[in-house]
Amino acid sequence: MKEQTEFSSRKVGERQIAELQAAAEAWTPRHVLAWAFETFGNRVAISSAFGAEGMVLIDMASRINKDFRLFTIDTEFLFPETYRLMDRIEERYGIAIEKVYSLLSPEEQERTQGAALWGRNPDLCCHLRKVEPLRRKLGELDSWITSIRRDQTSVRSAARRIEWDAKFGLVKINPIVDWSAKQVWRYIHDHDVPYNELHNQDYPSIGCTHCTRAVRPGEDPRAGRWPGFAKTECGLHIIEPVPVAAEAAPAETAECGL
Ligand code: SF4
């Protein structure tokens, strides 16, 4: 792997990524992961909320590097099924998930922002509970690995397999960016990968309890996220300004960013 040798001995920045990007589009997900681990060592980590795509990456990574780093943004509003899945992942793959929390406990958020912020200003709630913690975590890394796919949302449609993340100032790696949902589930079944039990109950996309519902027949897979709002992203994968304070926010909001 020629590029691996060239890039492994120095810090990879925006210019080097631009040079590598076209070639990387032809790499397999395993090749991308192997390159990431060899290039960045313990300065790269998988970010996951443990959806089906994230589980594929976790399983693939475990076959390449037993000591891979895995972190999650724990909003403290996750489903019990998601917390149970985290326990299963730690047991099966022999790793400790790095859990990152908001600077505000749920009680502090209610005291400073009022009750049920997610129902009035989900952009701000996601900023406090997801985007700010992610920014803090990424500050200790040179690269992060995500499981986004291009056909999930319009925001993700232009994502590359390897790209410079100008929002957070590090390399962003999306190994299965061109996969379909069918490929994801084929991998899960072929490799007996654990997954969130809620996927069997019409929850194709799973986030916080307050902002996720089951989808109805014929609905878009992400229709169950932030129902009632125009939001389709929590803010991690888009470039957006810091949301305004709750009392000044409009009832209808854009995307949240994760
Ligand atoms: S998904 Fe909902 S509850 Fe979770 S951080 Fe975003 S707005 Fe808040």
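This dialogue goes through a predicted model, from the whole chain to a helix, two loop residues and the ligand.

Reader: What should I keep in mind about numbering and confidence before I begin?

Author: Residues are numbered from 1 along each chain as its sequence is written, and side-chain values use heavy atoms, with hydrogens and water left out. As this is a predicted model, local features need pLDDT of at least 70 and side-chain atom pairs count only at pLDDT 80 or more, while totals for chains, interfaces and linings use all residues.

Reader: How many helices and strands does the protein have, and what share of its residues is buried?

Author: Helices (H or I, at least four residues) and strands (E, at least two) are DSSP runs, numbered from the N terminus, and here there are nine helices and six strands. Buried means under 20% relative accessible area, exposed over 50%, and partly exposed in between, with a 1.4 Å probe and protein chains only; of the 258 residues, 54% are buried.

Reader: How many residues of α4 are buried, and how is that helix covered?

Author: An α-helix has 3.6 residues a turn, so residues three or four places apart point the same way. In this model α4 is mostly covered, with eleven of its 13 residues buried, among them M55, L57 and M60. Contact means heavy atoms within 4.5 Å, and the buried residues of α4 pack against α3 (29-40), β1 (44-47), β2 (70-73), α5 (80-93), β4 (143-145) and α9 (181-190).

Reader: Are the loop residues W27 and Y101 buried or partly exposed?

Author: W27, in the loop between α2 (14-24) and α3, counts as buried because its relative accessibility is 8%. Y101, in the loop between β3 (98-100) and α6 (106-113), counts as partly exposed because its relative accessibility is 35%. Leaving aside residues up to four places away in sequence, Y101 touches D74, E76, P133 and R136, and the C-alpha atoms of Y101 and P133 are separated by 6.1 Å although they are 32 residues apart along the chain.

Reader: Where does the ligand sit, and which residues are around it?

Author: A residue is near a molecule if one of its heavy atoms lies within 4 Å of it, and by that rule the residues around the ligand are F77, W118, P122, C125, C126, R129, K130, C208, C211 and W226. Helix α8 (residues 122-138) gives the largest share of this shell, five residues. The ligand sits in the largest cavity, a cavity being a set of points, on a 1 Å grid over the protein atoms alone, where a 1.4 Å probe fits but cannot get out; to sit there, more than half of a molecule's atoms must lie within 2 Å of the grid points.

How values were computed. On a 1 Å grid over the protein atoms alone, a cavity is a set of points where a 1.4 Å probe fits but cannot get out, and a pocket is an open set with protein on both sides within 12 Å along at least five of seven lines; lining residues have an atom within 4 Å of a point.
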